[in-house]
Amino acid sequence: MSVNMPRTAMVFAAGLGRRMRPLSESVPKPLLRVAGQPILDHVLDRLEAAGVAQVVVNAHWQPDAIHAALAARAAAHRGPRTVEQVEETLLETGGSAASALRAGRIGPDPFFLLNGDAMWLNGPVPALRRLAAAFDPTGMDAMLLLGGMTRAVGEVGHGDFAVDAHGRPRRPRAGEITPYIFTGVQIVSPRLFDAAPEGGFSMNRLWDRAMEAGRLGVIVHDSLWFHLSRPADIAAAERVLHSTLNPDADTGL
């Protein structure tokens, strides 16, 4: 089956990473190391493997460190090609993507949009390929990769979404614990940002609008994923990745 894979992407790397302190006090969260390399490199490796040619990477906290990391990657001839978007003020996720679109850093076609701390193990079909194959640009403005709470490595909360029998997402009701959490991976159409406000705002605002219109799609990830929010989550990810690469090792889990 032919899959229309996006050739462009954006990675959010501008956040302050407050919950990851003290590790993130002097290092941007996406540059914290897991399994021998910065999380940001894991994200870019996934995008390169998916055939993405160009990625916009935003920066705010410690932008010089983000610049140096991307320059080192380019010097090592590792793709994709990156374009930096330095933000003097935090624009949040929605505002950052809208700014990149307005500046012409992202073209008119659907693109991948990933958090700078997104990490996952692929199932039989790579997650980005599954996402692109499931995305219907005529009937959807965005499609999110959700992760099951039972397949999360790291501390998780009460869930972000429930999904009905027809695959339609909804937000949790008051006091409800829902089974799915946003993994930080999505594919979006520039149409999602039509009439988006200026300045900073969350992607949640656009998701809710798309959900009300029946134009928000979701698929559930079919393997482990890593919820890297606090320092203990880094250690948990290291243990799981070590046991995956060395299945006979005693991880203490």
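Which residue is the bridge partner of methionine 119 in β14? In this predicted model, the partner is phenylalanine 226. The pair belongs to a contact between β7 and strand β14 (residues 225–226), which run antiparallel and are joined by two bridges. Together with β9, these strands make up an open sheet of three, ordered β7-β14-β9, with mixed pairing. Because β7 (119–120) and β9 (152–153) each have a single partner strand, they stand at the edges, and one side of each is left without a neighbour in the sheet.

A wider frame for the chain comes from a record. An unreviewed UniProt entry annotates residues 9–143 as "domain: MobA-like NTP transferase". In the model, this span is 32% helix and 21% strand, and its end C-alpha atoms lie 14 Å apart.

Strand β6 is a good place to continue the tour. This strand, residues 111–115, is mostly covered, with four of its five residues buried. Strand β1 (residues 8–12) pairs with β6 in the parallel sense, over four bridges, and valine 11 has leucine 114 of β6 as its bridge partner. Strand β12 (residues 180–188) also pairs with β6, but here the two run antiparallel, again through four bridges. Leucine 113 meets its bridge partner, glutamine 186, in β12.

What lies at the heart of the nonpolar packing, and which residues have the most contacts inside the largest core? That core has 35 residues, and those with the most contacts inside it are Val11, Leu47, Val55, Phe112, Trp120, Leu131 and Val185. At least two core residues come from each of β1, α1 (39–49), β4 (54–59), α2 (63–75), β6, α4 (127–134), β8 (142–148) and β12. A second core, separate from this one, has 27 residues, including Met10, Leu101, Phe161 and Phe201. In soluble globular proteins, nonpolar side chains tend to be buried together.

Tryptophan 120 gives a closer view of the largest core, being among its residues with the most contacts. Beyond residues up to four places away in sequence, tryptophan 120 touches Arg46, Leu114, Ala127, Leu128, Val185, His221, Leu224, Trp225 and Phe226.

Two of these contacts, Ala127 and Leu128, are also among the buried residues of α4, along with Leu131 and Ala132. These buried residues lie on the same side of α4, because they cover an arc of only 135 degrees around the axis. Their cover includes α1, β6, β7, β8, β12 and β13 (216–220).

The loop between β7 and α4 holds glycine 123. With a relative accessibility of 21%, glycine 123 counts as partly exposed. Its contacts, leaving aside neighbours within four places in sequence, are with Asp222 and Ser223. Glycine 123 and histidine 221 are 98 residues apart in sequence, yet their C-alpha atoms are 8.0 Å apart in space.

Helix α1 completes the picture. Its buried residues are Ile39, Leu40, Asp41, His42, Val43, Leu44 and Leu47. Is alanine 49, by contrast, buried or exposed? Alanine 49, which has its place in α1, counts as exposed, because its relative accessibility is 73% and the exposed class begins over 50%. From C-alpha to C-alpha, alanine 49 and proline 126 are 9.3 Å apart in space, although 77 residues separate them in sequence. After α1 comes glycine 51, with a positive phi near 90 degrees.

Terms used
Residues are numbered from 1 along each chain as its sequence is written. This is a predicted model: local features need pLDDT of at least 70, side-chain atom pairs count only at pLDDT 80 or more; totals for chains, interfaces and linings use all residues. Side-chain values use heavy atoms; hydrogens and water are left out. UniProt positions are given in the numbering used here, feature names are shortened, and annotations may be inferred rather than shown by experiment. Buried means under 20% relative accessible area, exposed over 50%, partly exposed in between (1.4 Å probe, protein chains only). Two strands pair if DSSP finds at least two bridges between them. A nonpolar core is a set of buried Ala, Val, Leu, Ile, Met, Phe, Trp, Tyr and Cys residues joined through side-chain atoms within 4.5 Å. Contact means heavy atoms within 4.5 Å. The arc is that of the directions from the helix axis to the C-beta atoms.
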